[in-house]
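Trainee: I would like to learn how to read a structure of this kind step by step. Could you take me through it?

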Amino acid sequence: MDNIEKNLYDFYRVLAEVKNISLVKKEDFELIQAKNNLWPQLIFNLNQQKNQNEIIPEISRYLADYKLSPSIVAPDEYISKNHSELLKASSLIPVKVLMGMNTSKGSKENIKMPADCEICELKNKTQLSDFSMLIQREFFSSKKDFGEEILLELKDSEEVTMTGLYKDSTLVSSMLVFIKDNIAGLYFIGTKKENQKKGYASLLIRSGLNQLFKTGIKEVVLHANHNSFALYQKIGFEVQNKFIVYKKV
Amino acid sequence: MSSEEILEKLKKVYAEIFKEEMALTHETSPNDIGSWDSLNHVLLIKRIEEEFQIEIDLFEVIELKNTGDIVNAIQKRLV
């Protein structure tokens with residue numbers, strides 16, 4: 001397992017320490033589940049030593065038995081197009097691709113912060129509520145899937161820092177940094193729709209990278225979707241692997 | 001079938017899945033439609049398969065990023 005995959009799974013395990021979120025460790029996978037159908041509802045860390053012919057139907061049966069419908073995250077080097085028939089037979093369908101990206105360098109360009117912008121750590125209830133709303137809008141479409149209390153609890157974790165870029169005192173771009181074993185993972189990178197494509201996320205990430213590498217972090221990782229992939233590549237991140245997200249239908 | 005004819009037929013399918021009428025273009029993507037999440041994306045493609053009587057590979061579905069990609073995928077299969 002590489003650092004990109006490890007950081008993601010470690011982040012899920014830290015999320016599981018939040019109130020109303022539980023972690024179930026099975027022999028061949030882990031399940032993280034929030035109450036009231038809120039996010040996260042995820043199966044991850046599949047036992048890649050096990051044959052896919054066994055584990056895919058096993059997960060499908062488990063979900064049917066317990067009437068669960070989490071997303072299942074798996075690296076595409078483990079489950080791929082070769083398993084299409086098996087996935088179909090188990091009613092598991094791929095719904096999303098995430099690209100695992102990393103960088104071990106800070107930003108080459110000088111960071112010029114516009115006079116009306118500032119970056120600061122998000123700590124108080126109002127700041128975290130703004131971040132939560134941004135996450136909800138950017139990552140969870142129209143349904144109210146993301147509980148604000150996750151951020152309120154995570155702010156006390158030593159491994160988590162949340163930062164935001166404010167323009168004229170309004171939060172326009174934000175991200176969560178999760179550090180474990182000297183590897184930093186960037187999560188929930190989002191920018192308000194009306195402020196997208198103006199370079200705010202890039203400014204926030206590049207400034208974050210410089211800070212992280214100054215403190216001795218050796219690698220920064222993230223998981224990009226189709227929309228954000230080009231931005232991260234421009235900043236200097238490189239694709240190392242791919243994850244596919246599945247749902248049972 | 002021309003790309004414009006496909007787009008016209010797609011309008012009906014989109015309205016059915018996303019429960020809203022919209023001005024559809026090749027550029028229309030999940031960014032423009034609030035309820036176009038990953039699961040609805042799959043449901044949309046399933047409905048398109050029925051409507052156009054085609055089959056799109058499970059893994060190709062997740063590579064279709066906007067309406068233009070969907071139109072191309074349909075056209076490729078209707079030839």
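Mentor: We will go from the chains to the domains, then to the contact between the chains, and last to some local features. Please keep in mind from the start that this is a predicted model.

Trainee: Where should I begin with chain A, and what is its secondary structure?

Mentor: A good beginning is to list the helices and strands and then to look at the overall dimensions. Chain A comes to seven helices and eleven strands, and its C-alpha atoms fill a box of roughly 55 × 35 × 30 Å along the principal axes. The radius of gyration of chain A is 18 Å, close to the 18 Å that the globule rule gives for 249 residues, so chain A is as compact as a globular protein of that length.

Trainee: And which elements make up chain B?

Mentor: Read from the N terminus on, the elements of chain B run α-α-α-α, which is to say four helices and zero strands. For the 79 residues of chain B the globule rule gives 12 Å, and the radius of gyration is 11 Å, close to that value, so chain B too is as compact as a globular protein of its length. The box for the C-alpha atoms of chain B, taken along the principal axes, is roughly 30 × 25 × 20 Å.

Trainee: How do I read the domains of chain A, and where do they lie in the sequence?

Mentor: One takes the bounds of the domains and then asks how the parts sit against each other. The domain assignment of chain A gives domain 1 as 3-99 and domain 2 as 117-240, and the centres of these two domains, taken over C-alpha atoms, are separated by 24 Å. In the contact between them, 19 residues of domain 1 of chain A meet 30 residues of domain 2 of chain A. Together the two domains bury about 2200 Å², and 69% of this is on carbon and sulfur atoms.

Trainee: Which charged residues pair between the two domains of chain A in a salt bridge?

Mentor: The general idea is that side chains of opposite charge can pair when their charged atoms come close. Between domain 1 and domain 2 of chain A the count is one salt bridge, and in this model the side chains of A:Asp181 and A:Lys6 meet in a salt bridge at 2.7 Å, N to O. Across this interface there are also nine residue pairs in polar contact. On the side of domain 1 that touches domain 2, the elements of chain A that give two or more residues are α1 (3-15) and β5 (92-103), with the largest share, nine residues, coming from α1(A). By class, that side of domain 1 divides into 13 nonpolar, two polar and four charged residues.

Trainee: Now for the two chains: how many residues does the contact take from each of them?

Mentor: The contact takes 14 residues from chain B and 22 residues from chain A, and the two chains bury about 1600 Å² between them, 68% of it on carbon and sulfur atoms. In chain B, the residues that lose the most area to chain A are B:Leu58, B:Phe59 and B:Ile62, which together account for 42% of what that side buries.

Trainee: What polar features cross from chain B to chain A, and how many residue pairs are in polar contact?

Mentor: The rule finds one salt bridge across this interface, in which the closest N and O atoms of B:Glu63 and A:Lys242 are 3.7 Å apart, and it finds one residue pair in polar contact. The elements of chain B that give two or more residues to this side are α2 (38-52) and α3 (58-61), and the largest share, three residues, comes from α2(B). The side of chain B that touches chain A has five nonpolar, four polar and five charged residues.

Trainee: Why does the salt bridge of A:Asp28 and A:Lys50 tie together parts that are apart in sequence?

Mentor: One looks at where each partner lies along the chain. The structure holds 22 salt bridges over all chains, and one of them joins the side chains of A:Asp28 and A:Lys50 at 2.6 Å, N to O. A:Asp28 lies in the loop between β1 (21-25) and β2 (30-34) of chain A, while A:Lys50 lies in the loop between β3 (41-44) and α2 (52-65) of chain A, so the pair ties together parts that are 22 residues apart in sequence.

Trainee: Which residues does a cis peptide bond join?

Mentor: Here one reads the backbone angles. A cis peptide bond joins A:Trp39 and A:Pro40, with omega about 5°, and A:Pro40 lies in the loop between β2 and β3 of chain A. A:Asn37 is likewise found in the loop between β2 and β3 of chain A, and A:Asn37 has a positive phi of about 60° although it is not a glycine.

Conventions
Residues are numbered from 1 along each chain as its sequence is written. Chains are lettered from A and ligands numbered from 1 in the order in which they are written. This is a predicted model: local features need pLDDT of at least 70, side-chain atom pairs count only at pLDDT 80 or more; totals for chains, interfaces and linings use all residues. Side-chain values use heavy atoms; hydrogens and water are left out. Domain bounds come from an automatic or database domain assignment. Contact means heavy atoms within 4.5 Å. Buried area is the accessible area (1.4 Å probe) that two parts lose on being put together, summed over both. A salt bridge is a side-chain nitrogen of Lys or Arg within 4 Å of a carboxyl oxygen of Asp or Glu. A polar contact is a pair of N or O atoms within 3.5 Å; within protein, one must be able to donate a hydrogen and the other to accept it, and residues adjacent in sequence count only if both atoms are side-chain atoms. Ala, Val, Leu, Ile, Met, Phe, Trp, Tyr, Cys and Pro count as nonpolar, Asp, Glu, Lys and Arg as charged, and the others, Gly among them, as polar. The radius of gyration is taken over C-alpha atoms; the globule rule is 2.2 Å times the number of residues to the power 0.38.
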